[in-house]
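Biologist: Could we go through this model together? I would like to begin with how the chains are divided and then move on to how they meet.

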Amino acid sequence: MDGIHDMGGMDGFGKVEPEPNEPPFHEPWEGRVLAMQRAMSYAGGWYIDMSRYAQERLPPPVYLTATYYQRWALAMERNVIERGLADAAELAAGHALRPGKSLKRKLTPAIVGEGMTRGSFYRQAQGPASFKAGDRVRAKNIHPPTHTRLPRYVRGHVGVIDLVHGCHAFPDTVALDQGDKPQWLYTVVFDGRELWGPDTDPTLKISVDAFEPYLEPA
Amino acid sequence: MAADHDHHGSELSDTQLRVRALETVLTEKGYIDPAALDLIVETYETKVGPHNGARVIARAWHDPAFKRALLEDGSKAVRTMGHESRVGDHLIVVENTPHLHNMVVCTLCSCYPWEVLGLPPVWYKSAPYRSRAVKDPRGVLADFGVKLPNETQIRVWDSTSENRYMVLPMRPAGTEGWSEERLAKLVTRDCMIGTGLAREPQEIA
């Protein structure tokens, strides 16, 4: 979706302001939010692209003014409700009012390391790759109204296949609970001037990782 | 919880209450175990951080065979080092040279190689960095006090898949014969993201 989350190339947000000696969490609740996300992912409550999509659907003023972990918490509430894991009345009450659904597994202290290891996103190829390193490709001018990982700033522009990463789960369908639909994944590199115009620093190159359905020959 | 900054502090307590409610509901439903959550928080507070990545970089500087293996397959090479948080399948390490400077961003969310660098800092997840890194990386570098030669090529890696990128910074001059342990002290978080350079030897003397 063409949402506020797709920030590449926007102006007006000001300087980057690093915080010296930044702690891992600024408030204890932030750690709880992160840990809940890990535990619910491990349990199979939802996939990471569903978390991203839930954040992308926050109203833009909320997205821009909420803190990072507030966005996570809001997205988690949405996933809990949309996935039928609890309802709004229970979240408002702060207690379960009904028994839970049966999830595939539960993260316990004895196996907590498993919940902190990223799973593999490699999937069985469904066919040969359409592109190889060095091929010229155009990022399609597409605007799906749902989750996608093709940022707006490259759409319609021509780049070159730099790396071929094998077949990965396809975020666009995973986010909609429509399955992995494995797709070839490539790193596509663009000249800065192709994206931002002739006045751009000629030493600049930008790459994105792009799934095959995002690309066409150029 | 949403973002009404005129509430003078009530926003935070509202957030705390909502997060507590969420944890209680998920616990009572049987989905999560709060004791496991405690361990996750503790791990991120005490064990997983940029010191993990610094060990990887120092080894690459020290051991040419490891460096080749790291650039060939980051996940496989890092797995041999036995980190607290085991690295997944998709770590890619990109090398800075006198002619090329790499910088990593996630314009769409906050993708970051947390297995080797820990949790991303707030600035990495912020709108200023996400919006500008792909369009004006030299301006972003200036925000960090870094100035590169005008002819240095800049490559920005936008982390739009589950691949995770880490920068192998250039080894500072004057460190010949240093041990891995000593070299690791030169490696900052920011130099592994590409918004900084490794420390000079005199900075840690």
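Modeller: Certainly. This is a predicted model. The domain assignment splits chain A into domain 1, residues 28-116, and domain 2, residues 136-217.

Biologist: How far apart are the C-alpha centres of those two domains of chain A?

Modeller: The centres of domain 1 and domain 2 of chain A lie 28 Å apart. Their contact involves 6 residues from domain 1 of chain A and 4 residues from domain 2 of chain A. On the domain 1 side, the residues that touch domain 2 are 3 nonpolar and 3 charged, with no polar ones.

Biologist: And which domains does the assignment give for chain B?

Modeller: Chain B has domain 1 at residues 10-46 and domain 2 at residues 50-203. Taken over C-alpha atoms, 31 Å separate the centres of these two domains of chain B.

Biologist: While we are on chain B, how many helices and strands are there?

Modeller: Chain B contains 10 helices and 4 strands. Read from the N terminus, the order of its elements is α-α-α-α-α-β-β-α-α-α-β-β-α-α.

Biologist: What does the C-alpha trace of chain B span, and what percentage of its residues count as buried?

Modeller: The C-alpha trace spans about 55 × 40 × 35 Å along its principal axes. Of the 205 residues in chain B, 47% count as buried. Among the contacts in chain B with a separation of 6 or more, 67% join residues 24 or more positions apart.

Biologist: Let us turn to the interface. How many residues does each chain give to the contact?

Modeller: Chain A contributes 75 residues and chain B contributes 68 residues. On the chain A side, the elements giving two or more residues are helix H1 (28-43), helix H3 (60-65), helix H4 (68-82), helix H5 (88-93), strand E2 (158-168) and E4 of chain A. The largest share of that side, 11 residues, comes from H1(A).

Biologist: How do the residues on that side of chain A divide by class?

Modeller: The side of chain A that touches chain B has 39 nonpolar, 20 polar and 16 charged residues.

Biologist: What is the geometry of H1(A) against H2(B)?

Modeller: The axes of H1(A) and helix H2 of chain B, residues 34-46, come within 9 Å and cross at roughly 115°. The crossing of H1(A) past H2(B) is right-handed.

Biologist: Which residues of H1(A) and H2(B) meet there?

Modeller: From H1(A) there are Gly31(A), Arg32(A), Leu34(A), Ala35(A), Met36(A), Arg38(A) and Ala39(A). They meet Ala36(B), Leu37(B), Ile40(B), Val41(B) and Tyr44(B) of H2(B). By class, this contact has 9 nonpolar, 1 polar and 2 charged residues.

Biologist: Now the strands. In what order do the 7 strands of the open sheet run?

Modeller: The order is E5(A)-E1(A)-E2(A)-E3(A)-E4(A)-E3(B)-E2(B), with mixed pairing. The edge strands are E5 of chain A, residues 215-217, and E2 of chain B, residues 100-105, each of which pairs on one side only. From one strand to the next, the twist averages 35°.

Biologist: Where E4(A) meets chain B, do the strands run parallel or antiparallel?

Modeller: E4(A) and strand E3 of chain B, residues 153-158, run parallel and are joined by 5 bridges. Ile206(A) stands opposite Val156(B) in E3(B), and the bridge partner of Ser207(A) is Trp157(B).

Biologist: And what joins E4(A) to E3(A)?

Modeller: There, 7 bridges join E4(A) to strand E3 of chain A, residues 183-191, and these two strands run antiparallel. Phe190(A) stands opposite Ile206(A) in E4(A).

Biologist: Is E4(A) mostly covered or exposed?

Modeller: Strand E4 of chain A, residues 204-211, is mostly covered, with 8 of its 8 residues buried. On one side the buried residues are Leu204(A), Ile206(A), Val208(A) and Ala210(A). The other side has Lys205(A), Ser207(A), Asp209(A) and Phe211(A), which are also buried.

Biologist: One last point: in what sense do E2(B) and E3(B) pair?

Modeller: E2(B) and E3(B) pair in the parallel sense over 6 bridges. Within that pairing, Asn102(B) stands opposite Arg155(B) in E3(B).

Technical notes. Residues are numbered from 1 along each chain as its sequence is written. Chains are lettered from A and ligands numbered from 1 in the order in which they are written. This is a predicted model: local features need pLDDT of at least 70, side-chain atom pairs count only at pLDDT 80 or more; totals for chains, interfaces and linings use all residues. Domain bounds come from an automatic or database domain assignment. A residue is buried if 20 or more other C-beta atoms lie within 10 Å of its own, exposed if 12 or fewer, and partly exposed in between; C-beta atoms are placed from the backbone. Two strands pair if DSSP finds at least two bridges between them. Two residues are in contact if their C-beta atoms, placed from the backbone, lie within 7 Å. Ala, Val, Leu, Ile, Met, Phe, Trp, Tyr, Cys and Pro count as nonpolar, Asp, Glu, Lys and Arg as charged, and the others, Gly among them, as polar. Axes are lines fitted to C-alpha atoms, for helices over the stretch in contact, and angles run from 0 to 180 degrees between N-to-C directions. A crossing is left-handed if the near helix is turned anticlockwise from the far one by less than a right angle, and right-handed if clockwise.
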